[in-house]
Amino acid sequence: MYRTIAVAVVSAGLSFAAGIPAHGIYGNYVEARTADVYTGPCFANSEVGLVGQLAVFGWKVTKGSWQGVDLDGMSVVGVVRAHHTLGDVYETAYPVVAVMIVDSAANPEQRLALQSFAKHMAGDLLQDVVRVDYQPIDLTFANDDIHSMKATLTAGNLAKISTRAINEGDHTCRNEEVWYLPLTKLDHAMPAYALANQFAGQGLGTTWSSPDKRSSFIGTFQSESE
């Protein structure tokens with residue numbers, strides 16, 4: 001199943017640039033949760049309701065503007081603590097509280113635009129933001145290739161994600177599939193293995209380090225500018 005998903009995404013990604021809106025915004029994305037997103041039913045059922053309420057996710061704008069503000073090269077990160085496992089179709093994850101980490105390289109106008117953009121992309125997940133921090137943010141993919149599935153996101157010393165491709169050794173029950181969808185609107189997405197998933201900031205009443213799980217997505221986004 002995973003191999004089929006990856007091939008489909010690679011094929012779609014080849015024509016991604018041709019579909020960018022003339023007045024749009026586009027770039028790369030990564031997320032990591034505290035529950036597996038690529039898994040089998042037995043593992044998913046053992047985690048639901050117990051873990052998966054916590055997540056870090058971030059966008060890097062390759063090119064584009066939001067609300068008339070140029071955001072080329074800027075990044076923004078959301079961190080959330082939910083009431084229940086994020087993505088469970090049988091029980092709501094809400095209420096959700098969130099922290100936002102905004103690129104410290106952004107000027108005041110860009111900082112506001114980045115927050116507005118993130119709220120638009122993540123929807124209700126970022127409606128109750130209890131704290132906003134400003135930190136240097138870096139989101140990179142190995143060889144600038146999203147399909148390597150090797151991504152690193154650092155947001156100062158507050159949050160970190162590091163991923164690699166899911167390989168044969170990560171298949172435990174042999175019937176794994178994408179169990180939960182990405183937390184935000186994406187054009188292309190692939191599940192990945194989280195080598196690191198950390199949050200050490202304030203505002204959520206908890207911190208965590210949840211490495212070595214099949215708990216990440218990487219992807220690309222594009223949207224019409226507001």
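Is M149 buried or exposed? Hold that one for a moment. What we have here is a predicted model.

Confidence to begin with. The mean pLDDT of the protein chain is 89, and 90% of the residues reach at least 70. Residues 1–18 are another matter: pLDDT there is below 50. In the model, that stretch still makes 25 contacts beyond near neighbours in sequence.

Now the overall build. The protein chain has 14 strands and 3 helices. It runs to 226 residues, and 50% of them count as buried. Look at the contacts with a separation of 6 or more: 72% of them link residues 24 or more positions apart.

Back to M149. M149 is buried, at a relative accessible area of 7%; the cut-off for buried is under 20%. M149 belongs to the loop between β8 (137–141) and β9 (151–155). Its phi is near 60°, so we have a positive value in a residue other than glycine. Most residues other than glycine have a negative phi.

D212 shows a positive phi too, near 60°, and D212 is not a glycine either. Where is D212? In the loop between β13 (208–209) and β14 (213–224). D212 is partly exposed, because its relative accessible area is 48% and partly exposed runs between 20% and 50%.

One more backbone point. The peptide bond joining Y94 and P95 is cis, with omega about 10°. P95 sits in the loop between β5 and β6. Most peptide bonds are trans.

On to the interior. The largest nonpolar core has 30 residues. Which of them touch the most other members? F57, W59, L71 and L126. Five elements each supply at least two residues of this core: β1 (24–33), β3 (54–66), β5 (75–82), β6 and α3. Of these, α3 gives the most, with 6 residues. A separate core of 26 residues lies apart from it, with V56, I101, F199 and W208 among its members.

Take F57 in detail. Setting aside neighbours within four places in sequence, F57 contacts Y29, V30 and E31, then V76, V77, G78 and V80. The list goes on with A122, L125, L126 and L183. L126, remember, is itself one of the core residues that touch the most other members.

Next, A106. A106 is in the loop between β6 (96–103) and α3 (108–122). A106 counts as buried, because its relative accessibility is 5%. What does A106 touch beyond its neighbours within four places in sequence? M74, R111 and L114. M74 is 32 residues away along the chain, yet the C-alpha atoms of A106 and M74 are 6.8 Å apart.

Last stop, a pocket. The second largest pocket holds about 250 Å³ of space. Its lining comes from several parts of the sequence numbering: A44, N45 and V48; G87, D88, V89 and Y90; and W179, Y180, L181, P182 and L183. How many of the lining residues are nonpolar? The split is 9 nonpolar, 2 polar and 1 charged. L183 also turned up earlier, among the contacts of F57.

To recap the loops. M149 is buried with a positive phi. D212 is partly exposed with a positive phi. A106 is buried, and P95 follows a cis peptide bond from Y94. That's the tour.

Notes: Residues numbered from 1 in each chain as written. Predicted model: local features only at pLDDT ≥ 70, side-chain atom pairs only at ≥ 80, totals over all residues. Heavy atoms only, no water. Helix = DSSP H or I, 4+ residues; strand = E, 2+ residues; numbered from the N terminus. Buried < 20%, exposed > 50% of the residue type's maximum accessible area, 1.4 Å probe, protein only. Contact = heavy atoms within 4.5 Å. 1 Å grid on protein atoms, 1.4 Å probe; cavity = no way out; pocket = protein on both sides within 12 Å on 5 of 7 lines; lining within 4 Å. Points joined across faces, edges and corners; volume = space filled by probe spheres on them. Nonpolar A, V, L, I, M, F, W, Y, C, P; charged D, E, K, R; others polar. pLDDT = per-residue confidence, 0-100. Core = buried A, V, L, I, M, F, W, Y, C linked by side-chain atoms within 4.5 Å.
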